[in-house]
Amino acid sequence: MADIWTWIGALLTLSILSFLYKDNVFYKFAEHLFVGVSAAYWMVIGIWGTLFPNLIAKIYPEGVRFVLPSLADREPEYHYLIAAVLGVILLLRLFPKIGWVSRWALAFIVGTTAGLNLVRYLRSDFIGQVQNSMIPLVVFEKGSLNLLESLSNTILIGGLLCGLVYFFFSKEHKGAIGTASRIGIWVLMMTFGAGFGYTVMARISLLVGRFQYLFADWLGIIGR
């Protein structure tokens with residue numbers, strides 16, 4: 001027999017799925033409950049997982065001795081007061097008359113984050129993809145030609161070059177360039193389609209998990 005929490009989970013799941021029929025009060029209740037609980041949960045996680053260890057423990061380590069004793073013996077790092085001030089300035093958005101001040105803090109945070117992530121993404125995404133594209137067109141293994149891998153590498157490089165040609169707008173797409181551009185479109189569409197299909201399959205796996213919860217954990221019709 002399912003316990004009370006399983007019943008609550010099952011009823012909330014059915015309430016969410018009821019939106020497939022039409023918008024109704026059960027769906028709205030489950031939606032608002034989910035949003036409210038999620039907001040409260042992440043607020044607590046943010047306070048105890050981010051604010052206390054990354055700000056308060058840095059500025060005033062002694063103040064977190066009872067909650068984070070491992071951080072209480074460190075030396076104070078007062079330059080974190082800058083982050084505290086920026087955080088307070090962001091909260092001024094709640095006051096319409098002086099809300100414009102929060103834009104300064106937001107601009108500083110966005111600019112700094114963009115600058116730091118630019119180097120990181122340039123190294124991990126751009127340079128990494130260029131390095132992974134530098135592969136031999138003809139592959140030899142133990143003195144013999146590996147036809148399958150050679151063909152795979154050739155198709156990969158050809159598709160990559162055709163995809164780049166599609167974004168080359170300095171010359172009209174006619175003749176060989178036009179043909180390569182059209183092939184590049186097919187390559188891009190297959191790439192986007194594969195990515196979309198992967199996303200759909202991930203969502204389907206979530207749906208399967210919910211049905212397993214309903215039919216196995218709640219009703220006991222099927223086994224796990």
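Let me start with Arg 210, whose charged end sits over the ring of Tyr 213, 4.6 Å from the ring centre. Please keep in mind throughout that this is a predicted model. A second arrangement of this kind involves Arg 120, which lies over the face of Tyr 121 at 4.7 Å from the ring centre.

That brings me to helix H4, which runs over residues 102-133. H4 has 32 residues and reaches 44 Å from its first C-alpha to its last, close to the 46 Å expected at 1.5 Å a residue. There is nevertheless a kink of about 40° in H4, and this kink is centred on Leu 122. Ser 102, Ala 105 and Gly 128 are buried in H4, and what covers the buried residues of this helix includes helix H3, residues 81-91.

Now to the charged pairs. How many salt bridges does the structure hold? There are four, and among them is the one in which the side chains of Glu 77 and Lys 58 meet, at 4.0 Å from N to O. Glu 77 lies in the loop between helix H2 (25-59) and H3, while Lys 58 lies in helix H2, so this pair ties together parts that are 19 residues apart in sequence. Glu 77 counts as partly exposed, at 27% relative accessibility, whereas Lys 58 is buried, with a relative accessible area of 17%.

Another salt bridge joins Lys 174 and Glu 172, with the closest N and O atoms 3.3 Å apart, and both of these residues are exposed. Salt bridges that share partners also join Glu 62, Arg 65 and Asp 73 into one network. Within that network, the closest N and O atoms of Arg 65 and Glu 62 are 2.8 Å apart; Arg 65 is partly exposed at 31% relative accessibility, and Glu 62 is partly exposed at 41%.

Finally, the aromatic residues: the structure holds six aromatic pairs, and I will describe two. The rings of Tyr 41 and Trp 42 have their centres 5.2 Å apart and their planes at 80°, so this pair is edge-to-face. Tyr 41 is partly exposed, with a relative accessible area of 48%, and Trp 42 counts as exposed at 57% relative accessibility. For Trp 48 and Phe 52, the ring centres are 4.6 Å apart and the planes lie at 10°, so the pair is stacked. These two residues are four apart in helix H2, which means that about one helical turn separates them. Trp 48 counts as partly exposed at 46% relative accessibility, but Phe 52 counts as buried at 17%.

Key:
Residues are numbered from 1 along each chain as its sequence is written. This is a predicted model: local features need pLDDT of at least 70, side-chain atom pairs count only at pLDDT 80 or more; totals for chains, interfaces and linings use all residues. Side-chain values use heavy atoms; hydrogens and water are left out. The expected span of a helix is 1.5 Å times one less than its number of residues. The bend at a residue is the angle between axes fitted to the seven residues ending there and the seven starting there. Buried means under 20% relative accessible area, exposed over 50%, partly exposed in between (1.4 Å probe, protein chains only). Contact means heavy atoms within 4.5 Å. Rings of Phe, Tyr and Trp (its six-membered ring) pair if their centres lie within 6.5 Å; planes under 30 degrees apart count as stacked, over 60 as edge-to-face and the rest as tilted. A charge sits over a ring if NZ of Lys or CZ of Arg is within 6 Å of the ring centre and within 35 degrees of the ring normal.
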